[in-house]
Amino acid sequence: MPKMFGTDGVRGLANRDLTARLALDLGDAAVRVLGDAGTQDDQPEGRRRALVGRDTRVSGDFLASALSAGMAAGGFDVIDAGIIPTPGVAYLTSVLNVEMGAVISASHNPMPDNGIKFFARGGFKLPDQKEDDIEAVLGQDWDRPTGAGVGRVSHDQTTATNLYIDHLVATIAPLNDDKTQPKPLKGLKIVADCANGATSVVAPEALRRAGADVIVINASPDGYNINKNAGSTHPEQLQAMVKATDAVMGVAFDGDADRCLAVDEDGNMINGDRIMGILARAKQREGKLNHDTLVVTVMSNLGLKLALKDMGIKTVETAVGDRYVLEEMLKGDYSLGGEQSGHVINREFATTGDGTLTALTLCNEVVKSGKSLKELAADFPQLPQTLINVPNVDKKAAATNKRIQDAVAREEELLGDTGRVLLRPSGTEPLVRVMAEAATQAYADEVCTRLAKIVAEELAL
């Protein structure tokens, strides 16, 4: 059987792939794997707790109820935090006395999809082994608690949301000795596109409390409009609004707000690579970029790495997926990392990618530097990049086929330090992604087309 857990939890079409029964069983299995028998300081002996949050999809209602029921039936008291960004669940899991957190979201996917992912105590995503352990006990009978041993489910969205917003604002505006809070973004006019998702309340409030003049779009979720022609996957409305309102910049989130992309004053997109470059340089300036290193994935543009090298900043590469970025950050004690897609992990303040935190820190750097976002991003030029998906192929053979490997080596030799190529098998489909970067778009297209043709010929099913 294929693995149930993908690179970011369990995900699929809600009520077809991801059913209430499966959510119930996942809650039941998770308490067995992630719960320990130790007592907690503020709980009666033997009581354990979990936190559950969700994005704005209509299916989140029944899935949250089912997941919470499975956990409570397993003896956990469950705090239902309601609609809250995925990084909000991670943060609250790290600061509240809970054994685990769970978020119901399909991130940037269309509304009919949904997903469930877990956070261990401390707010970290689960390693593969823990996910395998949950899958192994899924649906099994066990000696469930009875009587006073079963858990309760409580609902407290307001407290959870306020705790999270307080944390976000404090990252760039820590309280003064007299308990007043500074306004570091005062006078900064920005547009925030909330994707009709989980940060529709959090991001505008956090940015305003930090002093920004915020124009908000797509922050009226109705259960059906999450990510619909909005947010980081559809930034056209944001680009137009930034220009129409003479804002200095814009920020776009996805449905669960674990990623953030930006728009400069001319409406140009600023992707995750350039955001990471800006934030890495800022951290280096402040002496907070551990080991002068930024952690990126294999998809990050070579232009970012070359620009950082000139600034004395090293890069470490991982596989695609913010969980792998975080694993490398923990292993090497690095403080900043992320993905081209806008997942940025700032370990000083978070255990996972946090779009609202990224927006706040990016805005703060615009103010502190005295430069526009366009000027800051110009220091991190992107090499032209071409990506071709080659479908219906034996993706596993891409790494061993001699003709393909010889072709890759030949293209890499021709490109030298001016570009690169990457072949990446899809995690879910019989497909290989062929990517090329070069000094010109025409040459990137040429290299990518040549390699894609060879992959299609050699690996066709």
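The following exchange concerns a five-stranded sheet and the cavities of a predicted model.

Student: In the open sheet with the order β9-β8-β10-β11-β12, which strands stand at the edges?
Tutor: The five strands of this open sheet are joined with mixed pairing. Two of the strands have a single partner each, so one side of each is left without a neighbour in the sheet. These edge strands are β9 (213–217) and β12 (269–270).

Student: In which sense do β8 and β9 pair?
Tutor: Strand β8 covers residues 189–193, and Asp-193 stands opposite Ile-217 in β9. Five bridges join β8 and β9, and the sense of their pairing is parallel.

Student: What angle does the direction of helix α6 make with that of β9?
Tutor: Helix α6, residues 202–209, packs on the sheet and touches β8, β9 and β10 (249–253). The angle between the direction of α6 and that of β9 is about 170 degrees.

Student: Which strands does helix α11 touch where it packs on the sheet?
Tutor: Helix α11 spans residues 355–369, and its direction makes about 165 degrees with that of β10. The strands it touches are β8, β10 and β11 (260–263).

Student: Which element gives the most to the lining of the second largest cavity?
Tutor: This cavity, with a volume of about 30 Å³, is lined by Leu-279, Val-344, Asn-346, Leu-357, Thr-358 and Thr-361. Both β16 (344–346) and α11 supply at least two residues of the lining. With three residues, the element that gives the most is α11.

Student: How many charged residues are in the lining of the largest cavity?
Tutor: The largest cavity, of about 60 Å³, has among its lining residues Asp-8, Lys-117 and Arg-323. By class, three lining residues are nonpolar and two are polar, while the number of charged residues is five.

Notes. Residues numbered from 1 in each chain as written. Predicted model: local features only at pLDDT ≥ 70, side-chain atom pairs only at ≥ 80, totals over all residues. Heavy atoms only, no water. Pairing = 2+ DSSP bridges. Helix = DSSP H or I, 4+ residues; strand = E, 2+ residues; numbered from the N terminus. Contact = heavy atoms within 4.5 Å. Axes fitted to C-alpha atoms, helices over the stretch in contact; angles between N-to-C directions. 1 Å grid on protein atoms, 1.4 Å probe; cavity = no way out; pocket = protein on both sides within 12 Å on 5 of 7 lines; lining within 4 Å. Points joined across faces, edges and corners; volume = space filled by probe spheres on them. Nonpolar A, V, L, I, M, F, W, Y, C, P; charged D, E, K, R; others polar.
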